[in-house]
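Q: Please take a close look at one strand of this protein and at what surrounds it. I would like one connected account that I can follow with the model open.

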Amino acid sequence: MVDATQIQEHAEVIGADGVHVGTVDKVEGNRIKLTKKDSGPQVVEGKGRHEGHHHFISLGLVADIEDGKVRLSANADVAVTFEEEA
């Protein structure tokens, strides 16, 4: 697991494939809280924009911090299936 103190607010979260997943609001416990306005994919198939509440990504999915971006170990389309809603 990466050092959570390296994860900065407003950092971009990307999948292993480089696709945007969200933007860090803050780290809470063992999860990354994504911002409401940019939480999850821009469009969820069949559901339009999926926003208005926070999503969380487990720190266990974080593979690395690269150039200020949080890179996940899963591709974006798979990573969003692991998101938790609040």
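A: A residue is called buried when its relative accessible area is under 20%, and exposed when that value is over 50%. Glu83 has a relative accessible area of 14%, so Glu83 is buried. We will come back to that residue. Keep in mind that this is a predicted model.

Start with the whole chain. The secondary structure comes to one helix and seven strands. From the N terminus, the order is β-β-β-β-β-β-α-β. The chain has 86 residues, and 38% of them count as buried. Among contacts with a separation of 6 or more, 48% join residues 24 or more positions apart. The chain exposes about 4800 Å², with 47% supplied by carbon and sulfur atoms.

Next, confidence. The average pLDDT is 85, and 81% of the residues score at least 70. Among the elements, β6 has the highest confidence, at 97, and β7 the lowest, at a mean of 82. Residues 40-49 stay under 50. The model gives that stretch 13 contacts beyond four places in sequence. Where pLDDT is low, the predicted coordinates should not be read in detail.

The strand to look at is β6. It covers residues 69-72. Val70 and Leu72 make up its covered face, while Lys69 and Arg71 make up the uncovered one. In a regular strand the side chains alternate between the two faces of the sheet.

β6 has two strand partners to inspect. One is β5, residues 62-66, which pairs with β6 in the antiparallel sense over four bridges. Within that pairing, Ile65 has Val70 as its bridge partner. The other is β1, residues 12-14, which pairs with β6 in the parallel sense over two bridges. There, Ile14 stands opposite Arg71.

Now the turn into β6. The hairpin of β5 and β6 has two residues between the strands. Asp67 lies in this loop. Its phi is positive, about 50 degrees, although Asp67 is not a glycine. Most residues other than glycine have a negative phi. At a relative accessible area of 80%, Asp67 is exposed.

Follow β1 outward. β1 also runs antiparallel to β2, and three bridges join the two. Glu12 has Thr23 in β2 as its bridge partner. β1 and β2 form a hairpin with five residues between them. Gly18, in that turn, has a positive phi of about 85 degrees. His10 is found in the segment before β1. His10 has a positive phi too, about 70 degrees, and is not a glycine. His10 counts as exposed because its relative accessibility is 60%.

Return to the covered face of β6. The largest nonpolar core has 18 residues, and Val70 and Leu72 are among the four that touch the most other members. The others in that group are Ile32 and Val62. β2 (20-28), β3 (31-39), β5, β6 and α1 each supply at least two residues of this core.

Leu72 shows how far the contacts reach. Leaving aside neighbours within four places in sequence, Leu72 is in contact with Val13, Ile14, Gly15 and Ala16, among others. Its contacts also include Val21, Leu61, Val62, Ala63 and Ala79. Ile57 is on the list as well.

Ile57 is worth a stop. It lies in strand β4, residues 55-58. Its relative accessibility is 1%, so Ile57 counts as buried. Beyond four places in sequence, its contacts include Asn30, Arg31, Ile32 and Leu34. They also include Val21, Leu72 and Ala79. Ile57 and Val21 are 36 residues apart along the chain, and their C-alpha atoms are separated by 9.8 Å.

One more contact of Ile57 is Glu83, which closes the loop with our opening. Glu83 is found in the loop between α1 (76-79) and β7 (84-85). Its side chain makes a polar contact with the side chain of His55, at 2.6 Å. At 14%, Glu83 falls under the 20% cut-off, which is why this residue counts as buried.

To retrace the path: β6 pairs with β5 and with β1. Its covered face holds Val70 and Leu72. Leu72 touches Ile57, and Ile57 in turn touches Glu83.

Key
Residues are numbered from 1 along each chain as its sequence is written. Side-chain values use heavy atoms; hydrogens and water are left out. Buried means under 20% relative accessible area, exposed over 50%, partly exposed in between (1.4 Å probe, protein chains only). Contact means heavy atoms within 4.5 Å. Accessible areas come from the Shrake-Rupley method with a 1.4 Å probe; for residues, only the protein chains shown count as cover. Two strands pair if DSSP finds at least two bridges between them. A polar contact is a pair of N or O atoms within 3.5 Å; within protein, one must be able to donate a hydrogen and the other to accept it, and residues adjacent in sequence count only if both atoms are side-chain atoms. A nonpolar core is a set of buried Ala, Val, Leu, Ile, Met, Phe, Trp, Tyr and Cys residues joined through side-chain atoms within 4.5 Å. pLDDT is the predictor's confidence in each residue, from 0 to 100.
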